[in-house]
Each structure stands twice: as structure tokens, then as C-alpha cells.
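Grab your viewer and work through these exercises with the model open. Try each task yourself before you read its solution.

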Amino acid sequence: METAARRFCRRSLLFPVLLIVATVAAFELSDRLLNYVREEFGQEAHARLENWQNLNRMAANAPRERQLALVNSFFNRARFISDMEHWGEEDYWATPVELLTTNGGDCEDFSIAKYLTLKSMGVPDEELRIVYVKALDLNQAHMVLAWYPTPDADPLILDNLINQIKPASQRNDLEPVYSFNGEGLWLNQSGGRQQRVGEAGKLDHWQDMNKRLTEALR
């Protein structure tokens with residue numbers, strides 16, 4: 001039987017999804033999308049999208065760490081579910097609308113949603129990195145969002161595993177592997193050093209997610 005999540009995946013390209021303006025702290029969800037979600041997925045899904053839009057408006061001018069806390073806790077309310085169970089694919093990177101409409105996703109989906117939302121609130125791209133890590137306690141791959149107040153700062157980590165935002169130096173359970181944002185891709189090396197190795201476009205799943213966003217806006 002086709003799940004609601006897979007049905008959304010199959011049909012979402014037909015609808016305007018999300019307008020992210022990199023240089024302006026704003027985004028807009030179209031009435032067409034909101035009406036579609038209410039009709040196909042119900043009032044609760046519609047309310048989650050409206051709450052997201054209201055969060056952006058409310059927090060757009062808040063202090064930076066307040067923005068981080070609000071965005072982290074908002075998305076962490078969604079349930080964690082594996083890609084195969086939820087989307088019917090081994091590794092699917094969802095848009096924030098897909099995450100909220102279906103009220104579920106995995107660590108990549110949470111991190112992407114937080115990243116794009118904070119960008120839409122005006123957080124500069126150079127302050128944000130989506131970080132692929134090894135979760136040592138779980139002995140598995142994981143993904144989090146890092147915020148760097150300055151380029152050489154100890155970043156704060158937004159994680160769906162815990163609601164508390166802690167500096168990376170206090171997250172001994174996470175071992176960074178690589179990180180990326182809209183501007184580049186970095187590999188972590190011994191001693192905490194990072195080496196830029198190119199553009200995030202090298203990541204097929206990231207490229208595919210952005211393509212779906214772009215196509216949905218045409």
C-alpha cells in the first residue's frame with residue numbers, strides 16, 4: 001500500500017513548495033500548496049505548515065541564539081522514521097514541507113529543515129554547516145546542524161537526538177566526518193582541522209533536494 005509520505009513525494013513537484021530568498025529574511029508558502037496539503041493530508045498537516053510560517057515571522061528579528069532554540073525545538077517535534085519506512089527509498093533527503101506535511105523524517109531531513117529555516121530568517125550561509133557525523137553511542141551515521149558565530153568558533157550543535165543545544169566541544173558522542181552548506185563542502189581531518197574539497201553540488205542527494213525545490217517554483 002502506498003504511504004502518505006510516498007504519495008506526497010510522487011506529487012509534490014506539481015505544486016509550489018517553498019520560496020527561499022538567500023539575501024532576504026523571508027519565505028512564502030503558497031495558498032495552492034496549503035490548500036492541497038489540507039485536502040490531501042488533513043488539518044493537522046496544514047496547521048504544521050502554518051505554524052512554521054508563523055514561527056518564521058515571529059522569530060525573524062529575534063536574537064540569534066533564540067532563533068536557534070526555536071527552530072531546533074520546532075522541528076524536533078516531528079517523529080523520527082527511517083527513509084525506507086517513510087519514503088520507500090534507502091536514502092531520501094526531504095524538503096522541509098515534506099517533513100512537516102508527513103510529520104516525520106530522519107536526521108538529514110531535520111538538519112536540512114533547520115538549515116533552510118534559519119537561512120530564511122536571515123542567518124548568513126557562512127555561519128551554518130550541515131555536518132555528517134558518526135554518532136558514537138549509537139555506532140551509526142548521523143547528521144546535525146552547526147552554527148558558527150565566527151569562522152573559528154566552537155560551533156553550537158542543533159540535533160534531533162537531544163533538544164538542548166550544546167557546543168561541539170561538549171558533544172563527545174559525535175565524530176565529524178564532513179560538512180557542507182550552500183557555499184562549499186569540507187572534510188574533517190585529524191586535530192579538528194577542516195579542508196575545503198569543493199562545492200556541495202558534489203553531494204547527489206543535496207543536489208536532488210535543491211532541484212526539487214527549484215522545479216517546484218517554476
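**Exercise 1. Start at Val 133: find its bridge partner in β7, then its partner in β4.**

Step 1. On the β7 side, Val 133 is bridged to Pro 176.

Step 2. In β4, the partner of Val 133 is His 142.

Step 3. Now zoom out to the strands, which are DSSP runs of E with at least two residues; helices are runs of H or I with at least four, and both are numbered from the N terminus. Strands count as paired if DSSP finds at least two bridges between them. β3 and β7 share 6 bridges and pair antiparallel, while β3 and β4 pair antiparallel over 8 bridges.

Step 4. Check the connection: β3 and β4 make a hairpin with 4 residues between them, and Asn 139 in that turn has a positive phi of about 55 degrees.

A word on the ground rules: this is a predicted model, where local features need pLDDT of at least 70 and side-chain atom pairs count only at pLDDT 80 or more, while totals for chains, interfaces and linings use all residues. Residues are numbered from 1 along each chain as its sequence is written, and side-chain values use heavy atoms, leaving out hydrogens and water.

**Exercise 2. Work out the strand order of the open sheet, and say which strands are at its edges.**

Step 1. Walking across the 7 strands gives β6-β5-β4-β3-β7-β8-β9, with antiparallel pairing.

Step 2. β6 (166–167) and β9 (194–198) are the edge strands, as each pairs on one side only.

Step 3. Further along, β7 (174–180) and β8 (185–188) are joined by 3 bridges, and Ser 179 sits opposite Trp 186 in β8.

**Exercise 3. Which strands does helix α4 touch, and which ones does α7 lie across?**

Step 1. α4 (64–75) packs on the sheet and touches β4 (140–147) and β5 (156–158); a contact means heavy atoms within 4.5 Å. Its direction makes about 25 degrees with that of β5. Axes here are lines fitted to C-alpha atoms, for helices over the stretch in contact, and angles run from 0 to 180 degrees between N-to-C directions.

Step 2. α7 (107–120) lies across β3 (128–135), β4 and β5, at about 10 degrees to β4.

**Exercise 4. Is β3 largely enclosed or not, and where do the buried residues of α2 sit around its axis?**

Step 1. Buried means under 20% relative accessible area, exposed over 50%, and partly exposed in between (1.4 Å probe, protein chains only). In β3, 6 of the 8 residues are buried, so the strand is largely enclosed by the rest of the structure.

Step 2. In α2 (31–41), the buried set is Leu 33, Leu 34, Tyr 36, Val 37 and Phe 41. They span an arc of only 160 degrees around the axis, so they share the same side of α2; the arc is taken over directions from the helix axis to the C-beta atoms.

Step 3. The face turned away from that side carries the exposed residues Asp 31, Arg 32 and Glu 39.

**Exercise 5. Where is confidence lowest and where is it highest?**

Step 1. pLDDT is the predictor's confidence in each residue, from 0 to 100. The chain mean is 84, and 82% of residues reach 70 or more.

Step 2. Helix α1 (4–11) is lowest with a mean of 52, and β5 is highest at 98.

Step 3. Residues 10–25 have pLDDT below 50. Where pLDDT is low, don't read the predicted coordinates in detail.
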